[in-house]
Amino acid sequence: MRQALNLSEIRSPDVPPDFRLFRTAPSSPGMGAEMGESKRNPYFITGPALISFSGGRTSAFMLWNILQAHGGKLPNDLVVAFANTGKEREETLRFVHECGTRWSVRIHWLEFVSRGEWREVGFNSASRQGEPFSALIAGKGYLPNAVTRFCTSELKVRVMKGFALSLGWQNWSNVIGLRYDEGMRVLRQLAANEAKKERWTTAMPMSKARHTKADVLAFWLGENTDPTCLVRPLPQGFDLGLRDYEGNCDLCMLKSRGALKRLMLDNPGMSDWWQQREASITMASAKATVAGRRFVTEYSYADLEAEVATQPFLPGLLDDEEYDAECGLTCAGEAA
């Protein structure tokens, strides 16, 4: 019988004690310089590697550092990809486009079509009405929820896997933006690496560099505390422009009840797509149980919309951080 893996026994690779204050700089030319850089700099990635860009500040911070570690230009076997579900906010799409344009790096925009099929799009042609997500739900006949999170595994992880295979890769590094302060999520990914069930090995340079949420916010916002009400110039000249609870997928079921209600209150009509998807599920599918007809088992999005219409929003409902991780990281291990 195989012994269960104890997450508490897993340790990250040893890193120099000064990495917490680490800031990258372009590497010098020459093989010797590159070898030294690869040992010193956790953002110096050896290919083939797929850099997973969620469209949030954290993964953008990671991408910028990887670019700097490679002298501002990625080698051919380091590829950046963004998987669009069709429910990302317009601010997210614009941010992804701006990162690619300003930093002169190609970001491959990918979208689910059907299981085993995906397409490559761009900023202008990207779906904005939930088309990939709707197609997935129609094919499944039931809805994802916090327990059965097939949305990320199908719309993001499998799509990126198919893309990597289309490049001719058989094995590769999957580079994701998990920070040093996301300890348990980092440990889960290390456990998945130990299990060796996938073609890829997950690399987490932000964790190795000991970069935290504070580093990310300082990089993007500087002295500003509210990204929607700037009082000082932005350090990079641009930003995502969303508060934590607003991105990336507009009304993701992993967001707290209070956050969902606040978003519905601030964005009339935002819940329409979610309510329509819940209403579309019938008992025609054997898997369309009561849970399978809702994104959240405890309530429907129609229930939340009714609460927003009849009850004032209560301050303090956003005082949680359960949705701090960017989409595509928390359940990436579910894909086969």
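**Exercise 1.** Decide whether Phe95 is buried or exposed in this predicted model, and describe its surroundings.

*Solution.* Phe95 has a relative accessibility of 2% and therefore counts as buried, where buried means under 20% relative accessible area, exposed over 50%, and partly exposed in between, with a 1.4 Å probe and protein chains only. The next step is to place the residue: Phe95 lies in helix α3, residues 90–102, helices being DSSP runs of H or I with at least four residues, numbered from the N terminus. If neighbours within four places in sequence are left aside, Phe95 is in contact (heavy atoms within 4.5 Å) with Gly55, Gly56, Arg57, Ala60, Trp220, Phe238, Asp239 and Leu240. One of these partners, Phe238, is 143 residues from Phe95 in sequence, while their C-alpha atoms are 8.3 Å apart in space.

Residues are numbered from 1 along each chain as its sequence is written. Because the model is predicted, local features need pLDDT of at least 70 and side-chain atom pairs count only at pLDDT 80 or more, whereas totals for chains, interfaces and linings use all residues, and side-chain values use heavy atoms, with hydrogens and water left out.

**Exercise 2.** Locate His211 and find which side chain it joins in a polar contact.

*Solution.* His211 is found in the loop between α7 (205–208) and α8 (213–221). With a relative accessibility of 1%, His211 counts as buried. Its side chain and that of Tyr43 are joined by a polar contact of 2.7 Å, a term for a pair of N or O atoms within 3.5 Å of which, within protein, one must be able to donate a hydrogen and the other to accept it, residues adjacent in sequence counting only if both atoms are side-chain atoms.

**Exercise 3.** Describe how helix α10 packs with helix α11.

*Solution.* Two packed helices are described by the angle between their axes and the distance between the axes. Helix α10 (residues 272–280) and helix α11 (residues 301–310) pack at about 140 degrees, and their axes are 8 Å apart; axes are lines fitted to C-alpha atoms over the stretch in contact, and angles run from 0 to 180 degrees between N-to-C directions. This angle makes α10 oblique to α11, since under 35 degrees counts as roughly parallel, over 145 as roughly antiparallel, 65 to 115 as roughly perpendicular and the rest as oblique. On the α10 side the contact is made by Trp274, Gln275 and Glu278, and on the α11 side by Tyr301, Ala302 and Glu305.

Note on methods. Helices (H or I, at least four residues) and strands (E, at least two) are DSSP runs, numbered from the N terminus.
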